[in-house]
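Me: I've got a model here and would like to go through it with you. Can we start with one odd residue and work outwards?

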Amino acid sequence: MGTKDENVRIDRLWPDPAEDLSPAQLLEHYAFPERQGEAHDWLRVNFVTSLDGAVTRGGVSGPLGTAGDEAVFELLRRQADVVMLGAGTARKEGYGAMVLDDDAVAWRRDRGMPEQPVFALVSGRLDLDPDSPIFTEAPVRPVVYTHRGGTSGAGADGGGLHAERRAALSEVADVVVVGETGLEVGLLRADLRARRLHRVHCEGGPTLFAALLAAGAVDELCLTAAPTVESGLAGRITRGTSAVPTEMKLNGVLRCGNELLLRYRTRRA
């Protein structure tokens, strides 16, 4: 099951208050819903934000999280069939290969799951390095979702630089076109479903989150409220061209010191 850092205490405030949750209790709290005992399509998005809405400090999100956020972050990955991420966020945050630790691998094996989740990157421009550890050290072949004409100089036929990048990345990943001139979330979800990747854990970034919201594809938001006020020019957890009001219902509240870990579901979920 793995051990918990003795210095990290996470209490559940609502529902069913409980003190100092074990890793097993945390996994139960964040369990993906099932229907008739089987996994079904569910898209979860995870973010950390300051109290004044900043999603980054110094351009990255990592410094906002505390030990509690980090502990939950790892457990959320453990249960997923696929971890999805915008390519821009992968670059800014310095992502490497998606590799779970031995405890997580054993947990997944005991439940008949593949030892590692698939890493799925979403990129319009395909500005990704095929020699990055994301690909070269991946325990499972990653998937890259893009559209056909995703960069200037590439026509609707997919020619030019975009086609060259697709060809290069196809050597190290499954490159899937899900739209002509922009991301079509419905096609992306259909491909995930065809791959039997039902439990989707999305780690951002704001542009991808906005696109998923606009398509009505988000089932759940796990939001860490970091106990800090940042000011400055940092963006929000969503960044889109138009507003997409999405009513959500509170589904759980955890506390780690002065940090709150909130779980919301959309009204349709």
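Me: This is a predicted model, and Arg12 is buried in it. Which side chain of opposite charge is nearest to Arg12, and how far away is that side chain?

Reply: Arg12 has no salt bridge even though it's buried. A salt bridge needs a nitrogen-to-oxygen distance within 4 Å. The nearest candidate lies at 5.3 Å, and that side chain belongs to Asp16.

Me: Okay, so which backbone oxygen does the side chain of Arg12 reach at 2.8 Å?

Reply: Backbone oxygens come into play here. One of them, from Pro15, lies 3.0 Å from a polar atom of the Arg12 side chain. The one reached at 2.8 Å is the backbone oxygen of Asp16.

Me: Which residues is Arg12 in contact with, leaving aside neighbours within four places in sequence?

Reply: Arg12 itself sits in strand S1. With the neighbours within four places set aside, its contacts are Pro17, Ala18, Leu21, His29, Val253 and Leu254.

Me: Now the sheet. Why is one side of strand S1 left without a neighbour there?

Reply: The sheet is open, with 10 strands in the order S1-S11-S12-S10-S4-S9-S5-S6-S7-S8 and mixed pairing. S1 (11–14) and S8 (174–177) stand at the edges, so one side of each stays free, as each has a single partner strand. On average, neighbouring strands are turned by 25° against each other, direction ignored. For S1, then, the reason is a single partner strand.

Me: And what is the bridge partner of Gly86 in S6?

Reply: Strands S5 (residues 82–86) and S6 (residues 118–122) run parallel, joined by 5 bridges. Gly86 pairs across to S6 with Val122.

Definitions and conventions:
Residues numbered from 1 in each chain as written. Predicted model: local features only at pLDDT ≥ 70, side-chain atom pairs only at ≥ 80, totals over all residues. Heavy atoms only, no water. Pairing = 2+ DSSP bridges. Helix = DSSP H or I, 4+ residues; strand = E, 2+ residues; numbered from the N terminus. Axes fitted to C-alpha atoms, helices over the stretch in contact; angles between N-to-C directions. Buried < 20%, exposed > 50% of the residue type's maximum accessible area, 1.4 Å probe, protein only. Lys, Arg positive; Asp, Glu negative; His and termini not counted. Polar contact = N/O pair within 3.5 Å; in protein donor to acceptor, adjacent residues only side chain to side chain. Contact = heavy atoms within 4.5 Å.
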